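The following paragraphs lead the reader through a protein model, from one strand and its neighbours to individual side chains and then to the chain as a whole. Please keep the sequence and the structure in view while reading.

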Amino acid sequence: MIRLMIVDDHPVVRAGLAGLLSDEPGFDVVAEAADGDEAVRIAAATRPDVVLMDLRMPRVDGVAATARLVGGAAGDPAPRVLILTTYETDDQILAAIEAGASGYLLKAAPREEIVAGIRSVAAGQTALSPQVAVRLVERMRRPEPEALLTPRETAVLRLVATGHSNKQVAVALGIGESTVKTHLLRVFEKLGVADRTRAVTLAGCSRRDLLLPERVRRQGRTSSTRLNGVSATLRNRVNPPAAVTSRMRAGPACVPSASPTSCDSDAGVHSSVENP
């Protein structure tokens, strides 16, 4: 019997999942929680085998809760965490895997895919929805941000990372404010992001990294470190896009488990909130 815990801040979602999974042979829903903090406390008492974890929740989100659950106390068996969410951005997928999640499925997935994912995770495998598997492969093949940006674009982004406004960046570099906006728009396009904060986060994990280009060249961009870590974690676990696509009808991509890697938090990044 696979003991399950459902973590989601929406009562209707928890009730729906509980009803769906309770009817499935071999499943026993032993606990529910409305946020990450509650999940950690309840899991310690109920000892589920698999935790179905949402990402965006009050107090403690799914990524932080996953890290706490997987880390656990020494000697205690840690539950395996299966992310079940509506969000599939690259950063969220990477963060969840780095935190120790054993799988990442979307709530829009059919019942059969969710059930198969739970069984795979419980058996020590990793379950990725086909969409997520394809996004990871594409992200790992993407060139490093440093190789994409011109020296001027990099200079603009460094100043943005330290909280400079467009006007302050223009003064510092001796260019017009409209030129700064043009550089930022090109940076957004090259990095595949929509705002300043995401651009800074993708190009470098902290303000310090962006301000010390020699250190960046020596150690590599943090985003590349994250991707290399995830690549090692998922090596031989994610099928090429064509193979993944061909398996979409068969359910989530299930692959052998591996130990997750970690990355420094990007919480230290400060960027003024304004349009490009």
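A residue is called buried when its relative accessible area is under 20%, exposed when that value is over 50%, and partly exposed in between. The model discussed here is a predicted one. With that cut-off in hand, strand β4, which spans residues 80–85, can be considered: five of its six residues are buried, so the strand is largely enclosed by the rest of the structure.

The pairing of β4 may be taken one neighbour at a time. Strand β3, comprising residues 50–53, runs parallel to β4 and is joined to it by four bridges. Within this pairing, M53 has I83 of β4 as its bridge partner. Strand β5, comprising residues 103–106, likewise runs parallel to β4, and four bridges join the two. Here I83 appears again, with Y104 of β5 as its bridge partner. I83 is thus bridged to M53 and also to Y104.

How is the connection from β4 to β5 arranged? Together with helix α4, which covers residues 90–99, these two strands make a β-α-β unit, and the unit is right-handed.

Attention may now turn to a single residue in another strand. E32 belongs to strand β2, which covers residues 27–33. Is E32 buried or partly exposed? Its relative accessibility is 35%, a value that lies between the two cut-offs, and therefore E32 counts as partly exposed. Leaving aside residues up to four places away in sequence, E32 touches I6, R14, A18 and I42. With one of these, R14, there is also a polar contact between the two side chains, at 3.4 Å. P11 is a further reference point: P11 and E32 are separated by 21 residues in sequence, while their C-alpha atoms lie 9.5 Å apart.

Aromatic side chains offer another view of the model. A search of the whole structure for aromatic pairs finds zero. An aromatic ring does, however, take part in an arrangement with a charged side chain: R56 lies over the face of Y87, at 4.1 Å from the ring centre.

Finally, the protein may be considered as a whole. It contains 15 helices and seven strands. Of its 276 residues, 46% are buried. Among contacts between residues at least 6 apart in sequence, 67% join residues at least 24 apart.

Key
Residues are numbered from 1 along each chain as its sequence is written. This is a predicted model: local features need pLDDT of at least 70, side-chain atom pairs count only at pLDDT 80 or more; totals for chains, interfaces and linings use all residues. Side-chain values use heavy atoms; hydrogens and water are left out. Buried means under 20% relative accessible area, exposed over 50%, partly exposed in between (1.4 Å probe, protein chains only). Two strands pair if DSSP finds at least two bridges between them. A crossover is right-handed if, with the strands pointing away from the viewer, the path from the first strand over the helix to the second runs clockwise. Contact means heavy atoms within 4.5 Å. A polar contact is a pair of N or O atoms within 3.5 Å; within protein, one must be able to donate a hydrogen and the other to accept it, and residues adjacent in sequence count only if both atoms are side-chain atoms. Rings of Phe, Tyr and Trp (its six-membered ring) pair if their centres lie within 6.5 Å; planes under 30 degrees apart count as stacked, over 60 as edge-to-face and the rest as tilted. A charge sits over a ring if NZ of Lys or CZ of Arg is within 6 Å of the ring centre and within 35 degrees of the ring normal.
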